[in-house]
Amino acid sequence: MPGTTLSLRRIDLRGRRLSARELRDVVPRGEVAVDSVAGIVEDIVRRVAEGGAEAALAFGERFDGIRPDRVRVPERVLKEAQAALDPAVRAALLEAIARARLGHEAQLRPETTTVLADGATVLQRWVPVDRVGLYVPGGKAVYPSSVVMNVVPAQVAGVRSIVVASPPQRGNNGLPHPLVLAAAALLGVDEVWAVGGAQAVALLAHGGADTDGAELDPVDVITGPGNVFVAAAKRLVRSRVGIDAEAGPTEILVLADDTANPAHVAADLISQAEHDENAASVLVTPSEQLVGAVEAELARQIPRADRQAQIHAALAGSQSAVVLVDDLAQGIAVVNAHAPEHLEVITEDAAAVAGRVRAAGAVFVGPWAPVSLGDYCAGSNHVLPTAATARHSSGLEVGVFLRGMQVVEYSEAALKEVAGHVQELAAAEQLPAHGEAVKARFA
C-alpha cells in the first residue's frame with residue numbers, strides 16, 4: 001500500500017517565456033500507445049471481419065474470460081435489468097437523460113436555403129446516418145453514464161438504428177453489466193451486444209451473423225471511449241465507418257489562483273485519478289501557497305478514497321504535475337498549449353478567464369462546476385477529445401451523427417447567367433467537358 005504523503009511533480013515556468021511549441025512539449029499528459037498494439041489489433045480486426053460473431057466471441061473468451069451463447073442480448077434481459085434497477089439510480093439516470101437531451105437538442109442544425117439569384121438556390125440539409133454503434137467500456141469501472149452520453153445525441157440527431165456494445169462480464173453470466181443494460185433499456189435501445197474491445201469495434205464495422213443465425217448489421221458510425229485496443233481498432237476501421245475520436249487516458253487540468261479552495265482542487269484531481277493509473281491530473285497556478293495546501297489535502301483525502309493505489313499511481317506518474325506560472329495570462333497560454341480534455345477554471349472572475357480559453361474539450365467555470373458534474377448531470381457530453389486533440393476536434397455532439405447534404409436547384413435563366421463563368425473556369429483547369437456540359441444546354 002503506498003504511503004499517504006504525495007508531492008506532485010513540479011514544473012516551474014516562472015520567469016520563462018516559452019513558444020507554443022515549447023509549451024506543448026513541457027506540459028505533461030498521458031500517452032496513447034496505439035502503435036504498440038497495432039499488430040495485435042490488426043489481426044483481431046481481420047479475423048472478426050472474416051469470422052463474424054464466432055471470432056468476436058472467441059476473442060471475448062480470451063480477453064474477458066467468458067463466452068456468451070450469442071452476441072445480441074435478449075430483449076427480455078434488458079427489460080429485467082430495467083425492472084431491477086435501484087430506484088435512486090433510476091431517478092439519477094432519468095435526470096441525466098433529461099438534461100443531456102435538453103443540452104443536445106440545442107445542437108440541432110436547421111435547414112437553410114441560400115438564394116444566390118432569381119431561380120438559383122442552395123439548400124443545406126442535415127441528414128442523420130442510418131445506423132450507429134456506441135461502445136461502452138466495462139473494464140475497471142461500470143459506465144451507464146456513457147450509455148446516456150452516446151445514445152442521447154444519436155437519438156436527438158434522428159438516427160433510426162442504434163446498437164450498444166459492451167464487454168461481457170464474468171459476474172453477470174456473460175452479459176454486459178446490469179447497469180449498462182438498464183440504462184440502454186431506459187433510453188429505449190433494444191439492441192445490445194455482449195462484446196468488447198477491438199473485437200467489438202471490428203464486428204460493428206463489418207457485421208456478420210450471430211450464433212443463432214440472426215443478422216448483425218454493420219454500422220455507419222462508431223463512437224464511445226475505450227482502452228488502447230479500442231482506440232487502435234477505431235483507427236483501423238475509420239476508412240470503412242465514421243468514428244468520433246481515438247480516446248486516450250482521461251485528463252483534468254485545473255487553472256486556479258489563491259482564491260481557490262484547496263480541498264475542492266484536491267478532490268477534483270483525485271476524481272480523475274481514480275479512473276486508472278494512466279489518468280493525468282495537472283494543476284496550473286501562480287500560487288505556491290495553494291500548491292502546499294492542495295498537497296496537504298491530497299494527504300488527507302487519498303487515504304479515505306476507495307482506489308488508493310490507483311489514485312496514488314496516477315498522481316505520482318509523469319503525466320501529472322503542478323505547473324507554476326507567473327500569472328493567469330501565462331496560465332491561459334499553458335492551457336491553450338495543453339488543450340486538456342477537462343478544464344476547471346477556479347479563479348477570481350473565473351468566467352472572464354474561461355472566456356480567454358481557446359482549446360479544451362469542456363470548460364468548467366467556478367467553484368460550483370466540478371468535472372464530475374459534467375460526467376453525469378451538467379447537460380453537456382462527457383465523451384471529449386483527449387491527448388491534445390481539443391486543438392482541432394470537439395467532443396461528442398449531435399453533429400457527429402449528421403451528414404451535411406447540399407441540394408442545388410437552378411432555373412434555365414439562372415444557369416445562363418453564370419454559364420460563361422463556368423466555361424471559362426473549366427477551360428482554365430483544362431477540363432473542357434465540364435464547360436461543354438453547360439454549353440450543351442443552350443445549343
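Let's start inside one helix: Arg300 and Glu297 both sit in α10 (residues 288–301), 3 residues apart, which is about one turn of the helix. Their side chains meet in a salt bridge, with N and O 2.6 Å apart. An α-helix has 3.6 residues a turn, so residues three or four places apart point the same way. The two partners differ in how much of them can be reached from outside: Arg300 has 40% relative accessibility and therefore counts as partly exposed, whereas Glu297, at 16%, counts as buried because the limit for buried is under 20%. Elsewhere, salt bridges that share partners tie Arg10, Asp12, Arg14, Glu288 and Glu295 into one network. Please keep in mind throughout that this is a predicted model.

Now let's step back to the whole chain. The protein chain has 16 helices and 16 strands, and its C-alpha atoms fill a box of roughly 85 × 60 × 45 Å along the principal axes. Of its 443 residues, 49% are buried. If you look at contacts with a separation of 6 or more, 75% of them come from residues 24 or more positions apart.

How is the chain divided? There are domain 1 (10–32 + 248–378), domain 2 (34–108 + 124–244) and domain 3 (411–440). The C-alpha centres of domain 1 and domain 2 are 31 Å apart. Where these two domains meet, 10 residues of domain 1 are in contact with 9 residues of domain 2. Together they bury about 790 Å², and 52% of that area is on carbon and sulfur atoms. The number of salt bridges between domain 1 and domain 2 is 0.

Salt bridges do occur in the model, with a count of 23. One of them joins Arg99 to Glu95, and the closest N and O atoms of this pair are 2.6 Å apart. Both residues belong to helix α4 (residues 87–105), where 4 residues, or about one turn of the helix, separate them. Arg99 is partly exposed, with a relative accessible area of 40%, and Glu95 is partly exposed as well, at 38%.

For a pair that reaches across the sequence, turn to Glu191 and Arg131, whose side chains meet in a salt bridge of 2.9 Å, N to O. This pair links distant parts of the chain: Glu191 is in the loop between α6 (178–186) and β6 (192–194), while Arg131 is in strand β4 (residues 131–135), 60 residues apart from it. Are these two residues buried or exposed? Both Glu191 and Arg131 are buried.

Another arginine worth a visit is Arg67, found in the loop between α2 (38–64) and α3 (75–83). With a relative accessibility of 33%, Arg67 counts as partly exposed. Which residues does Arg67 contact, once its neighbours within four places in sequence are left aside? They are Glu54, Leu57, Ala58 and Glu61. Glu54 is 13 residues from Arg67 along the chain, and the C-alpha atoms of the two are separated by 9.9 Å.

Our last stop is helix α15, residues 412–428. Here a quick length check is possible: at 1.5 Å a residue, a helix of 17 residues should span 24 Å, because the expected span uses one less than the number of residues. The end C-alpha atoms of α15 are indeed 24 Å apart, so the two values agree. The helix also has a kink of about 45 degrees, centred on Val418. Ala414, Ala419 and Ala426 are the buried residues of α15, and their cover includes β3 (120–128), β16 (402–410) and α16 (432–439). After α15 comes Gln430, which has a positive phi, near 55 degrees.

Gly435 lets us look at α15 from the other side, since its place is in helix α16. At 5% relative accessibility, Gly435 counts as buried. Not counting residues up to four places away in sequence, Gly435 touches Gln423 and Ala426; Ala426 is one of the buried residues of α15. Gly435 and Glu424 are 11 residues apart in sequence, with 7.5 Å from C-alpha to C-alpha.

Technical notes:
Residues are numbered from 1 along each chain as its sequence is written. This is a predicted model: local features need pLDDT of at least 70, side-chain atom pairs count only at pLDDT 80 or more; totals for chains, interfaces and linings use all residues. Side-chain values use heavy atoms; hydrogens and water are left out. Helices (H or I, at least four residues) and strands (E, at least two) are DSSP runs, numbered from the N terminus. The bend at a residue is the angle between axes fitted to the seven residues ending there and the seven starting there. Buried means under 20% relative accessible area, exposed over 50%, partly exposed in between (1.4 Å probe, protein chains only). Contact means heavy atoms within 4.5 Å. Domain bounds come from an automatic or database domain assignment. Buried area is the accessible area (1.4 Å probe) that two parts lose on being put together, summed over both. A salt bridge is a side-chain nitrogen of Lys or Arg within 4 Å of a carboxyl oxygen of Asp or Glu.
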